[in-house]
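Open the structure in your viewer and keep the selection tool ready. At each stop you pick some residues and look at what is there.

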Amino acid sequence: MSQLSTWVQIPNNSDFTIYNLPFGIFQNKRLSPRAGMAIGDKIVDLSVLHQEGFFAELSQLPTDIFVRASLNDLIALGKPVTRKIREKVQELLLADNESLREHQCRGKAMVNRKEAKMLMPVQIGDYTDFYSSIEHATNVGSMFRDPENALLPNWKHLPVGYHGRASSIIPSGVPIHRPKGQYKDPHMEAPEFGPSRRLDFELELAFVTGKSTKMGDSISTSDAEDHIFGFVLFNDWSARDIQAWEYVPLGPFLGKNFASSISPWIVTLEALEPFRLSGPKQDPQVLPYLACKKDHSFDLNLEVYIQPEGKSESRVCISNFKHMYWNIAQQLAHHTVNGCNINVGDLYASGTISGKTPDSFGSMLELAWKGTKPLDLGEGVFRKFIEDGDTVIMRGFAQKDQIRVGFGEVNTKVLPTK
Ligand code: CA
């Protein structure tokens, strides 16, 4: 990709460069919820550009498409349209382009990001969580079952997943309360009830679908990316004690559905193109409907920080999306191979993204190895799991030469049980 420069001032190490231009929904004291695109410390108010006729070549764009409370209707217009919008904004922001820079609407079109509140970018109808990291599945299998047979027999033949809860998915900045529930530790004679004692995060990425299907239809791995609009960071909050007691035989339920947090900017697949690479070799060979003709993995750096109340943040994990055994095309092909229909705005989380080394594990369960190796956060603070008052922050970015594309962050404070 050729090097691009913009007239917008971009702070060093900003995730929101001219190469990125993610979509989100924001509001501020003056403006009702609307669609914007992040660039440096600014947000481009797309409705202003539309009013001023900058999208005139997209004749089918409804007048109010950018002032709706979610991106669903915009995304549903299809990739040819959203891609043109993003390309047009990129062109307007180029250093040698004067049409917006010198336009009288410039002040109105460029909103300060600091003064904006980010909202949920999409209305999520359905949410699915996969379990696609071989390192994570092996770690968890070793802890809870048998280190010799950590992976169950199906794991390398299909991307394991479950249907999660969409109602409790919240954007970055919204605090959560420690969940209550039932648990029975091995030494307990009977189950007990109370606030979870093992609250955990899971470092994940999630993709948003932008093209629906009808019941009975299946999506091939080759067509899968046509249905994927972009990605957000995803913290799949987990109450390990509640989860361990309830999950047999049907899987996650109250240990998971109390909250999941996402970063508010949807980074498009187009923006991630420079970071595409092949995933891990799959052995045994997968069934034909899961075979891929091209690469569907991405080199994305991921980090998790914990900030205890009144202390500074401390990095506890460095991982990378490229470690995932199952890719997004395989996940969507598997999800729909039985004819399950998908909708615009559905969310599909990757599963915890752990790498091979102990500092790359994507959950406290693994980082502190079931509580046996407390993490040293400095300033005399140690953690086995997440405590009340802690803020968990996830960040993600990709970098190649001069090109940086990032997600910003998802940060969530944990409050005591309600
Ligand atoms: Ca998960």
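**Stop 1: charges over rings**

Select Lys370 and Phe144. Lys370 lies over the face of Phe144, at 5.0 Å from the ring centre. Keep in mind that this is a predicted model. Now select Arg395 and Tyr305. Which part of Arg395 sits over the ring of Tyr305? The charged end does, 4.6 Å from the centre of that ring.

**Stop 2: a neighbour with positive phi**

Go to Trp369. Trp369 belongs to the loop between α9 (364–367) and β23 (375–376). Its phi is near 40°, which is a positive value in a residue other than glycine. Is Trp369 buried, exposed or partly exposed? Its relative accessible area is 26%. Buried residues fall under 20% and exposed ones over 50%, so Trp369 is partly exposed.

Jump to Asn13 next, in the segment before β1. Asn13 also has a positive phi, of about 60°, although it is not a glycine. With a relative accessibility of 60%, Asn13 counts as exposed.

**Stop 3: the calcium ion**

Select the calcium ion. Which residues coordinate it? They are Asp129 and Asp236 through OD atoms, and Glu202 and Glu204 through OE atoms. The distances run from 2.2 to 2.3 Å. Along the chain, these donors follow the spacing D-x72-E-x1-E-x31-D. Look at two of them, Glu204 and Asp236. Glu204 lies in strand β13 (residues 203–209), while Asp236 lies in the loop between β14 (228–235) and β15 (238–239). The pair therefore ties together parts that are 32 residues apart in sequence. Both Glu204 and Asp236 are buried.

**Stop 4: aromatic pairs**

Show the aromatic side chains. How many aromatic pairs does the structure hold? There are 11. Start with Phe23 and Phe229. Their ring centres are 5.5 Å apart and their planes meet at 55°, so the pair is tilted. Phe23 sits in strand β1 (residues 23–27) and Phe229 in strand β14, 206 residues apart, so this pair links distant parts of the chain. Phe23 and Phe229 are both buried.

Move to Phe207 and Phe231. This aromatic pair is edge-to-face, with 6.3 Å from centre to centre and 80° between the planes. Here too, distant parts of the chain are linked: Phe207 is in strand β13 and Phe231 in strand β14, 24 residues apart. Phe207 is buried, and so is Phe231. Now add Phe298, Phe321 and Tyr348 to the selection. Ring pairs link these residues with Phe207 and Phe231 into a cluster.

**Stop 5: the largest nonpolar core**

Keep Phe321 selected. Phe321 is one of the residues with the most contacts inside the largest nonpolar core. How many residues does this core have? It has 103. Leu46, Leu49, Ile85, Leu93, Leu100 and Phe201 are also among those with the most contacts. Strand β14 gives the most to this core, with 6 residues. The core draws at least three residues from each of domain 1 (23–118) and domain 2 (127–415). In soluble globular proteins, nonpolar side chains tend to be buried together.

**Stop 6: helix α3**

Select residues 79–93, which form helix α3. Its buried residues include Ile85 and Leu93, and both of these are among the core residues with the most contacts. Val81, Val89 and Leu92 are buried in α3 as well, and so are Lys79, Arg86 and Lys88. Now check the helix span. At 1.5 Å a residue, its 15 residues should span 21 Å. The end C-alpha atoms are 21 Å apart, which agrees.

**Stop 7: cis peptide bonds**

Find Val248 and Pro249. The peptide bond that joins them is cis, with omega about 5°. Pro249 is in the loop between α6 (240–246) and β16 (260–262). Then go to Asp283 and Pro284. Their peptide bond is cis too, and omega is near 10°. Pro284 is in the loop between β18 (276–277) and β19 (297–298).

**Last stop: Leu250**

Return to the loop between α6 and β16 and select Leu250. Is Leu250 buried or exposed? Its relative accessibility is 82%, so Leu250 counts as exposed. Add Tyr162 to the selection. Leu250 and Tyr162 are 88 residues apart in sequence, and their C-alpha atoms are 9.4 Å apart in space.

Definitions and conventions. Residues numbered from 1 in each chain as written. Predicted model: local features only at pLDDT ≥ 70, side-chain atom pairs only at ≥ 80, totals over all residues. Heavy atoms only, no water. Donors = N, O, S within 2.8 Å, 3.2 Å for Na, K, Ca; no water. Helix = DSSP H or I, 4+ residues; strand = E, 2+ residues; numbered from the N terminus. Buried < 20%, exposed > 50% of the residue type's maximum accessible area, 1.4 Å probe, protein only. Phe/Tyr/Trp six-rings, centres within 6.5 Å; stacked < 30°, edge-to-face > 60°. Lys NZ or Arg CZ within 6 Å of the ring centre and 35° of its normal. Expected span 1.5 Å × (residues − 1). Core = buried A, V, L, I, M, F, W, Y, C linked by side-chain atoms within 4.5 Å. Domains from an automatic or database assignment.
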